[in-house]
Amino acid sequence: MSTFGTLTRGQFPSILTETHASPMTQPFWDAAKEDRLVAPKCASCGTFRLPPSPYCFVCRQRDVEWVELPGTGAIYSFTVVRHPLHPDLADACPYVSGVVELDGTQGAGARMLVNIIGCDPDTVKIGDRVAITWEHVNDEMSTPRFRPIPA
Ligand SMILES: [Zn+2]
């Protein structure tokens with residue numbers, strides 16, 4: 001067993017066991033515990049602000065409404081990590097780290113940087129359809145990952 005626990009090839013370990021949430025991010029983590037994906041949407045202009053930000057980067061207003069999303073999307077960009085960031089992460093490599101453009105949203109404020117699991121690092125490609133899956137780290141925290149939707 002490594003410093004990071006038992007590793008699964010293709011899956012970056014959950015190194016966080018607490019959310020370290022702030023009032024600005026707490027709604028995301030509360031929904032995550034219930035396997036729901038929510039994102040903050042500017043109450044003024046409708047721009048999604050993920051990760052949450054104190055001000056809208058389009059209209060500079062502060063108010064947000066939290067919107068539940070379907071948890072599906074398409075790979076916008078990705079990289080395959082073949083060299084472990086730490087020697088104890090060798091058994092997790094290769095794994096895919098990607099940016100997913102979320103369904104039910106639009107624009108740069110509606111993408112998530114996540115580990116994409118259950119895919120072949122040699123054939124994964126931009127545009128592949130993916131769906132969220134929640135890893136229940138403990139009773140207080142779930143963390144999102146995405147996996148391919150079978151064609
Ligand atoms: Zn706005």
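**Exercise 1. Decide whether tryptophan 29 is buried or exposed in this predicted model.**

Solution. Start with the number: the relative accessibility of tryptophan 29 is 17%. Next, recall the cut-off, since buried means under 20% relative accessible area. Tryptophan 29 therefore counts as buried. Now try the residue just before it in the numbering: phenylalanine 28 has 9% relative accessibility, so phenylalanine 28 is buried too.

**Exercise 2. Work out which kind of aromatic pair phenylalanine 28 forms with tryptophan 29, and then with tryptophan 134.**

Solution. A pair of aromatic rings is described by the distance of the centres and the angle of the planes. Let's take the two pairs in turn.

- Step 1: The structure holds three aromatic pairs. In the one made by phenylalanine 28 and tryptophan 29, the ring centres are 5.0 Å apart and the planes stand at 85 degrees, so this pair is edge-to-face.
- Step 2: For phenylalanine 28 and tryptophan 134, the centres are 6.3 Å apart and the angle between the planes is 55 degrees, which makes a tilted pair.
- Step 3: Place the partners of that tilted pair. Phenylalanine 28 belongs to helix 1 (residues 26-32) and tryptophan 134 to strand 6 (residues 129-138), so the pair ties together parts 106 residues apart in sequence.
- Step 4: Check the burial of these two partners: both phenylalanine 28 and tryptophan 134 are buried.
- Step 5: Put the rings together, and Phe28, Trp29 and Trp134 form one aromatic cluster.

**Exercise 3. Find which arginine lies over the face of tyrosine 55, and which over the face of tyrosine 76.**

Solution. Over tyrosine 55 you will find arginine 62, at 4.7 Å from the ring centre. Over tyrosine 76 it is arginine 111, at 3.7 Å from the ring centre.

**Exercise 4. Locate the salt bridges of glutamate 140 and aspartate 122, and say which parts of the chain they link.**

Solution. The whole structure has eight salt bridges, and these two are among them.

- Step 1: Glutamate 140 pairs with lysine 33, with the closest N and O atoms 3.8 Å apart. Glutamate 140 sits in the loop between strand 6 and strand 7 (141-148), while lysine 33 sits in the loop between helix 1 and strand 1 (37-42), so to walk from one to the other you cover 107 residues.
- Step 2: Compare their accessibility with the cut-offs. Glutamate 140, at 55%, counts as exposed, whereas lysine 33, at 37%, is partly exposed.
- Step 3: Aspartate 122 meets arginine 82 at 3.0 Å, N to O. The aspartate is in the loop between strand 5 (111-116) and strand 6, and the arginine is in the loop between strand 3 (72-81) and strand 4 (95-102), so this pair ties together parts 40 residues apart in sequence. Aspartate 122 is exposed, with 60% relative accessibility.
- Step 4: Add one more pair: lysine 125 and aspartate 128 bring their closest N and O atoms to 2.9 Å. Lysine 125 is partly exposed, at 49%.
- Step 5: Finish with a network, in which salt bridges with shared partners join Glu34, Arg36 and Glu68.

**Exercise 5. Describe the overall fold and judge how compact the protein chain is.**

Solution. Count the elements and you get one helix and seven strands, in the order α-β-β-β-β-β-β-β along the sequence. The radius of gyration is 16 Å, close to the 15 Å that the globule rule gives for 151 residues, so the chain is as compact as a globular protein of that length. Its C-alpha trace spans about 45 × 35 × 25 Å along the principal axes. Lastly, 38% of the 151 residues count as buried.

Note on methods. Residues numbered from 1 in each chain as written. Predicted model: local features only at pLDDT ≥ 70, side-chain atom pairs only at ≥ 80, totals over all residues. Heavy atoms only, no water. Phe/Tyr/Trp six-rings, centres within 6.5 Å; stacked < 30°, edge-to-face > 60°. Buried < 20%, exposed > 50% of the residue type's maximum accessible area, 1.4 Å probe, protein only. Helix = DSSP H or I, 4+ residues; strand = E, 2+ residues; numbered from the N terminus. Lys NZ or Arg CZ within 6 Å of the ring centre and 35° of its normal. Rg over C-alpha atoms; globule rule 2.2 N^0.38 Å. Salt bridge = Lys/Arg side-chain N within 4 Å of Asp/Glu carboxyl O.
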